[in-house]
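This report introduces a protein structure to a reader who has not met it before. It proceeds from an annotated segment to the overall fold, and then to individual residues.

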Amino acid sequence: MSAIFNFQSLLTVILLLICTCAYIRALAPSLIDKNKTGILGIFWKCARIGERKSPWVACCCVVMAFSILFLQ
């Protein structure tokens, strides 16, 4: 089953995308910052969400990990 059709898998993919983009931007900002518009601008937006909402993203990651480990 694809992650698009399963809501929990979709949320996991989105959280992983946000965390990965924020991490890559912390290591190499020029890699993410050069594409602020267009289809690759999604990665820049995910990096901004990861930076600005980092306590909320971290909390969501913990909740998602708990649900994957213990509720399935």
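## The annotated segment

An unreviewed UniProt entry carries the annotation "transmembrane region" for residues 54-71. In the model, which is predicted, that span is 94% helix and 0% strand. The C-alpha atoms at the two ends of residues 54-71 are 25 Å apart.

## Overall architecture

The protein chain contains four helices and zero strands. Its pattern along the sequence is accordingly written α-α-α-α. Measures of extent give a C-alpha trace of about 40 × 25 × 15 Å along the principal axes of the protein chain.

Of the 72 residues in the protein chain, 19% count as buried. The chain exposes about 5500 Å², and carbon and sulfur atoms supply 73% of that area. Contacts within the chain can also be sorted by sequence separation. Among those with a separation of 6 or more, 57% are made by residues 24 or more positions apart.

Confidence in the prediction can be stated for the chain and for its helices. The protein chain has a mean pLDDT of 88, and 94% of its residues reach 70 or more. By helix, confidence is lowest in α2, with a mean of 88, and highest in α3, at 92.

## Helix α1 and its packing

Helix α1 comprises 21 residues, from 7 to 27. How does the span expected for helix α1 agree with the distance between its end C-alpha atoms? At 1.5 Å a residue the helix should span 30 Å, and its end C-alpha atoms are indeed 30 Å apart, so the two values agree.

The buried residues of α1 are T12, L15, I18, C21, A22 and R25. Which helices do these buried residues pack against? Their partners are α2 (29-33), α3 (41-52) and α4 (54-70).

One of the buried residues of α1 is C21. C21 has a relative accessible area of 4%, under the 20% limit, and is therefore buried. Leaving aside neighbours within four places in sequence, C21 is in contact with I32, F43, C46 and A47. The C-alpha atoms of C21 and W44 are separated by 7.3 Å, although these two residues are 23 residues apart along the chain.

## The salt-bridge network

Side chains of opposite charge can pair when their charged atoms come close. The structure holds three salt bridges, which are listed below with the N to O distance of each.

| Salt bridge | N to O distance |
|---|---|
| D33 and R25 | 2.8 Å |
| E51 and R25 | 2.6 Å |
| R48 and E51 | 3.5 Å |

R25 takes part in the salt bridge with D33 and also in the one with E51. R25 is buried, with a relative accessible area of 18%. D33, in turn, is partly exposed, at a relative accessible area of 22%.

The bridge between E51 and R25 connects two helices. Because E51 lies in helix α3 and R25 in helix α1, the pair ties together parts that are 26 residues apart in sequence. E51 is partly exposed, with a relative accessible area of 31%.

The bridge between R48 and E51 is formed within helix α3. These two residues are three residues apart in that helix, so about one helical turn separates them. An α-helix has 3.6 residues a turn, so residues three or four places apart point the same way. R48 is partly exposed, its relative accessible area being 23%. Through shared partners, the salt bridges join R25, D33, R48 and E51 into one network.

## A buried glycine in helix α3

Another residue of interest is G41, which is placed in helix α3. Is G41 buried or exposed? At 1% relative accessibility, G41 counts as buried. Not counting residues up to four places away in sequence, G41 touches N35 and K36. G41 and S30 are eleven residues apart in sequence, and their C-alpha atoms are 13 Å apart in space.

## Summary

In brief, the predicted model consists of a chain with four helices and zero strands. The buried residues of α1 pack against α2, α3 and α4, while R25, D33, R48 and E51 are joined into one network by salt bridges that share partners.

Technical notes
Residues are numbered from 1 along each chain as its sequence is written. This is a predicted model: local features need pLDDT of at least 70, side-chain atom pairs count only at pLDDT 80 or more; totals for chains, interfaces and linings use all residues. Side-chain values use heavy atoms; hydrogens and water are left out. UniProt positions are given in the numbering used here, feature names are shortened, and annotations may be inferred rather than shown by experiment. The expected span of a helix is 1.5 Å times one less than its number of residues. Buried means under 20% relative accessible area, exposed over 50%, partly exposed in between (1.4 Å probe, protein chains only). Contact means heavy atoms within 4.5 Å. Accessible areas come from the Shrake-Rupley method with a 1.4 Å probe; for residues, only the protein chains shown count as cover. A salt bridge is a side-chain nitrogen of Lys or Arg within 4 Å of a carboxyl oxygen of Asp or Glu. pLDDT is the predictor's confidence in each residue, from 0 to 100.
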